[in-house]
Amino acid sequence: MPSNMSLFSVNAILILSTDDRSRILTKYYSAPHATPGATDQPGANPYPSVKEQKAFEKGLLEKTNKQTSDVILYDGRVVVFKMEGDVMLYVVGGAEENEVMLFGVVLALRDALAILLKNSTDKRTLIENYDLLSLTVDEIIDDGIILETDPVVVSSRVSKPPTQDIASVKNIDLSEQGLLNAWEFGKLKLAERMRQL
């Protein structure tokens, strides 16, 4: 059993456009127990500067553009990926990480986005719904630790409230008289409950 066991398993999550090779969302994580600035420790961010990150992403896109598999070893890292429309979804882990677990993360991301965006996972839709995209990533991964891989649970936590509920909230009277009426109603109901006991 390794002596440095940790829940930290994801080094980066990347969502890149295949058309113009631009970044849509990129998050790089460092283990909370790693020394800041060190890149040779397990869990340390090997790409601390934006220049190094973009070079890594460019090479990754070139390597995976014509791939038929979903898992590769690139730059000493396990990379799992899925192509959705004109975007590539990547999850990057250390060389010792379980690729099946990382693949579960990329599938959860893909399926949660499909549920939230009604199967329209393309660059334009992702940019228009960047709030949902960012929340989805944060619900699945927190600081490199995998929290949830069930896309239905993730999408239910991220989804916007139904519009029919918003209409009923608008009818609440928040004026002084409305609050006094609510107070009186509450007092009457409490008195009824007390009498029943």
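In this predicted model, helix H5 turns a face carrying the exposed residues Val152 and Ser156 away from its buried side. The briefing below covers that helix and then the aromatic ring pairs, of which there are four.

**Helix H5**

- Helix H5 spans residues 151-158, and its buried residues are Pro151, Val154, Ser155 and Val158.
- Viewed down the axis of H5, these buried residues fall within an arc of 95°, and therefore they line one face of the helix.
- The cover over the buried residues of H5 includes helix H2 (99-116) and helix H4 (130-140).

**Aromatic pairs**

- The count of aromatic pairs comes to four.
- In one of them, the ring centres of tyrosine 28 and tyrosine 47 are 6.3 Å apart with planes at 70°, so this pair is edge-to-face.
- Tyrosine 28 belongs to strand S2 (residues 23-28), while tyrosine 47 sits in the loop between S2 and helix H1 (50-64); the pair thus links distant parts of the chain, 19 residues apart.
- Tyrosine 28 counts as buried because its relative accessibility is 16%, under the 20% cut-off.
- Tyrosine 47 likewise counts as buried, at 8% relative accessibility.
- The rings of phenylalanine 56 and tyrosine 74 have centres 5.6 Å apart and planes at 45°, so this pair is tilted.
- Because phenylalanine 56 lies in helix H1 and tyrosine 74 in strand S3 (residues 71-74), their pair ties together parts that are 18 residues apart in sequence.
- Phenylalanine 56 and tyrosine 74 are both buried.

**Ring cluster**

- Tyr28, Tyr47, Phe56 and Tyr74 are linked into a cluster by ring pairs.

How values were computed: Residues are numbered from 1 along each chain as its sequence is written. This is a predicted model: local features need pLDDT of at least 70, side-chain atom pairs count only at pLDDT 80 or more; totals for chains, interfaces and linings use all residues. Side-chain values use heavy atoms; hydrogens and water are left out. Rings of Phe, Tyr and Trp (its six-membered ring) pair if their centres lie within 6.5 Å; planes under 30 degrees apart count as stacked, over 60 as edge-to-face and the rest as tilted. Helices (H or I, at least four residues) and strands (E, at least two) are DSSP runs, numbered from the N terminus. Buried means under 20% relative accessible area, exposed over 50%, partly exposed in between (1.4 Å probe, protein chains only). The arc is that of the directions from the helix axis to the C-beta atoms. Contact means heavy atoms within 4.5 Å.
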